[in-house]
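Work through these exercises with the model open. Each one gives a task, then a solution in steps.

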Amino acid sequence: MNEAIRLITNCHKLYIFGVGHSGEIGKDFSKMLLRIGLIVQAETDPHFQSQMAAMMSNNDLVIGISLSGETKDTYDSLQIAKKSGANIISITNNNLSSIAQISDITLRTSIEEFLNGGSLAGQLSQLYVCEVLIRGYERQNGVDAVSLREKALRSIMDKRLNN
């Protein structure tokens, strides 16, 4: 976990790739990161993922989210990012999965994918790993999370037409 936080801290650009429910978790994760001062691009479209991955460099980081670790679209995009020199963190349940094998760091969730896919337990497991990463990042980087969250909240408080 500490090495993953170090990669997040030192990257130039941070991307999150996932499709389906894992893609939705990636979007949620990017919003969580924004509230602690990190601007991240979460992409769920495999075509855009591939294009982004092709433009990456060794200063960039991709977090790939796939509960099974065998999602072909996510794997293909991560493989392109790897060839471009980007570092890869995977959030998956299977340390031996294809996605884990091409990752620099694998963060393991605690719930296996069910036959119905996208189970609530699996999604919560993924979000928990995201939350641990965020809290670790805050701690290691001395982030004043309360101040940043207040700043973000204040930016939308005046969005009402009739105050």
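**Exercise 1. Cys130 and the cysteines**

Decide whether Cys130 is buried or exposed in this predicted model.

*Solution.* Start with the relative accessible area of Cys130, which is 0%. The cut-off for buried is under 20%. Cys130 is therefore buried.

Next, find how many disulfides the whole structure holds.

*Solution.* The search of the whole structure returns 0 disulfides. Take Cys11 and look for the nearest cysteine sulfur: it belongs to Cys130 and is 15 Å away. A disulfide needs the two sulfur atoms within 2.5 Å. Cys11 is therefore in no disulfide. From the other side, Cys130 has the sulfur of Cys11 as its nearest, at 15 Å, and is in no disulfide either.

**Exercise 2. The nonpolar cores**

State how many residues the largest nonpolar core has, and which of them have the most contacts inside it.

*Solution.* The largest nonpolar core has 27 residues. Ile8, Leu33, Ile63 and Ile89 have the most contacts within it. Now map the core onto secondary structure. Two or more residues each come from the helices α1 (2-10), α2 (20-34) and α6 (120-141), and from the strands β1 (13-17), β3 (60-65), β4 (87-92) and β5. Helix α6 gives the largest share, 5 residues. Then look for a second core. Another one, of 12 residues, lies apart from it, and includes Met52, Ala53, Ala86 and Ile99. In soluble globular proteins, nonpolar side chains tend to be buried together.

List what Ile89 touches beyond four places in sequence.

*Solution.* Go along the chain. Ile89 touches Ala4, Leu7 and Ile8 early on. Next come Leu61, Val62, Ile63 and Gly64. Ser103, Ile105 and Leu107 complete the set.

**Exercise 3. Met56 in its loop**

Place Met56 in the fold, and say whether Met56 is buried or exposed.

*Solution.* Met56 sits in the loop between α3 (46-54) and β3. The relative accessible area of Met56 is 5%. That is under the 20% cut-off, so Met56 is buried. Now check the contacts, leaving aside neighbours within four places in sequence: Met56 meets Tyr15, Phe17, Val62, Ala81, Ser84 and Ala86. Last, compare sequence and space. Asp45 is 11 residues from Met56 along the chain, and their C-alpha atoms are 17 Å apart.

**Exercise 4. Two arginines**

Find the strand that holds Arg108 and the residues in contact with Arg108.

*Solution.* Arg108 belongs to strand β5 (residues 105-108). Beyond four places in sequence, Arg108 contacts Thr92, Asn93, Asn94, Asn95 and Val129. Look closer at Asn93: its backbone oxygen is 2.6 Å from a polar side-chain atom of Arg108. Then take Ser125, which is 17 residues from Arg108 in sequence and 9.1 Å away, C-alpha to C-alpha.

Repeat for Arg6: which helix holds Arg6, and what is its relative accessible area?

*Solution.* Arg6 is in helix α1. Its relative accessible area is 37%, so Arg6 counts as partly exposed. Gln140 lies 134 residues away along the chain, yet the C-alpha atoms of Arg6 and Gln140 are 8.6 Å apart.

**Exercise 5. The largest pocket**

Give the volume of the largest pocket and the elements that line it.

*Solution.* The largest pocket holds about 190 Å³ of space. Two or more lining residues each come from α2 and α7 (145-157). Helix α7 gives the largest share, 6 residues. Among the lining residues are Lys31, Leu34, Arg149, Lys151 and Ile156.

Key
Residues are numbered from 1 along each chain as its sequence is written. This is a predicted model: local features need pLDDT of at least 70, side-chain atom pairs count only at pLDDT 80 or more; totals for chains, interfaces and linings use all residues. Side-chain values use heavy atoms; hydrogens and water are left out. Helices (H or I, at least four residues) and strands (E, at least two) are DSSP runs, numbered from the N terminus. Contact means heavy atoms within 4.5 Å. A polar contact is a pair of N or O atoms within 3.5 Å; within protein, one must be able to donate a hydrogen and the other to accept it, and residues adjacent in sequence count only if both atoms are side-chain atoms. Buried means under 20% relative accessible area, exposed over 50%, partly exposed in between (1.4 Å probe, protein chains only). A nonpolar core is a set of buried Ala, Val, Leu, Ile, Met, Phe, Trp, Tyr and Cys residues joined through side-chain atoms within 4.5 Å. On a 1 Å grid over the protein atoms alone, a cavity is a set of points where a 1.4 Å probe fits but cannot get out, and a pocket is an open set with protein on both sides within 12 Å along at least five of seven lines; lining residues have an atom within 4 Å of a point. Grid points are joined across faces, edges and corners, and a volume is the space filled by probe spheres set on the points.
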